[in-house]
Amino acid sequence: MAPTPKKKHSHSRSRQRRGKLKLDLPTLTTCKNCGKKKFPHKACPHCGSKN
Ligand SMILES: [Zn+2]
């Protein structure tokens, strides 16, 4: 027998499980070369700079 939850989650409960995880924006830094937003530790998608 697999472990069974004792109580059924309400609809809002089940929605909260992953609903809040993605709320915060992905971390972005500003490219020092062109000044646009880029992911840290990735090449800049705008100018290709690695900084
Ligand atoms: Zn750039």
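Colleague: Where does proline 40 lie?

Modeller: Proline 40 lies in the segment after β2. Bear in mind that this is a predicted model.

Colleague: Is proline 40 buried or exposed?

Modeller: Count the other C-beta atoms within 10 Å; a residue with 12 or fewer is exposed. Proline 40 has 8, so it is exposed.

Colleague: Which residues does proline 40 touch, leaving out those up to four places away in sequence?

Modeller: Proline 40 touches Thr27 and Thr29. Compare a distance in space with one in sequence. Proline 40 and proline 26 are 14 residues apart in sequence. Their C-alpha atoms are 10 Å apart in space.

Colleague: Next, histidine 41. What is its phi?

Modeller: The phi of histidine 41 is positive, about 65°. Histidine 41 is not a glycine, and the value stands despite that.

Colleague: Where is histidine 41, and is it buried or exposed?

Modeller: Histidine 41 is in the segment after β2. It has 8 other C-beta atoms within 10 Å, so it counts as exposed.

Colleague: Now serine 49. How many C-beta neighbours does it have inside 10 Å?

Modeller: Serine 49 has 13. Exposed stops at 12 and buried starts at 20. Serine 49 therefore counts as partly exposed. This serine is also found in the segment after β2.

Colleague: Which residues is serine 49 in contact with, beyond its neighbours within four places in sequence?

Modeller: The contacts of serine 49 are Cys31, Asn33, Cys34, Ala43 and Cys44. Take the cysteine at 34 as a distance check. Serine 49 and cysteine 34 are 15 residues apart along the chain. Their C-alpha atoms are separated by 8.4 Å.

Colleague: What about serine 10 and threonine 29: how far apart are their C-alpha atoms?

Modeller: They are separated by 39 Å, with their positions 19 residues apart along the chain. Serine 10 lies in the segment before α1. It has 9 other C-beta atoms within 10 Å, so it is exposed.

Colleague: And aspartate 24, where does it lie?

Modeller: Aspartate 24 lies in the loop between α1 and β1, the strand at 29-30. It has 7 C-beta neighbours inside 10 Å, so it counts as exposed. Its C-alpha atom is 16 Å from that of lysine 37, 13 residues away along the chain.

Colleague: Let us zoom out. How many helices and strands does the protein chain have?

Modeller: One helix and two strands. From the N terminus on, the order is α-β-β.

Colleague: What does the radius of gyration say about the whole chain?

Modeller: Set it against a compact globule of equal length. For 51 residues, that globule would have a value near 10 Å. The protein chain has 20 Å. Look at the box too: the C-alpha atoms fill roughly 55 × 25 × 10 Å along the principal axes.

Colleague: What share of the residues counts as buried?

Modeller: Of the 51 residues, 6% count as buried.

Colleague: Where is confidence lowest, and where is it highest?

Modeller: Read confidence by element. Helix α1, residues 11-19, is lowest, at a mean pLDDT of 80. Strand β2, residues 37-38, is highest, at 94.

Colleague: What is the mean pLDDT of the protein chain?

Modeller: The mean is 86, and 98% of the residues reach 70 or more. One general caution: where pLDDT is low, the predicted coordinates should not be read in detail.

Key
Residues are numbered from 1 along each chain as its sequence is written. This is a predicted model: local features need pLDDT of at least 70, side-chain atom pairs count only at pLDDT 80 or more; totals for chains, interfaces and linings use all residues. pLDDT is the predictor's confidence in each residue, from 0 to 100. Helices (H or I, at least four residues) and strands (E, at least two) are DSSP runs, numbered from the N terminus. The radius of gyration is taken over C-alpha atoms; the globule rule is 2.2 Å times the number of residues to the power 0.38. Two residues are in contact if their C-beta atoms, placed from the backbone, lie within 7 Å.
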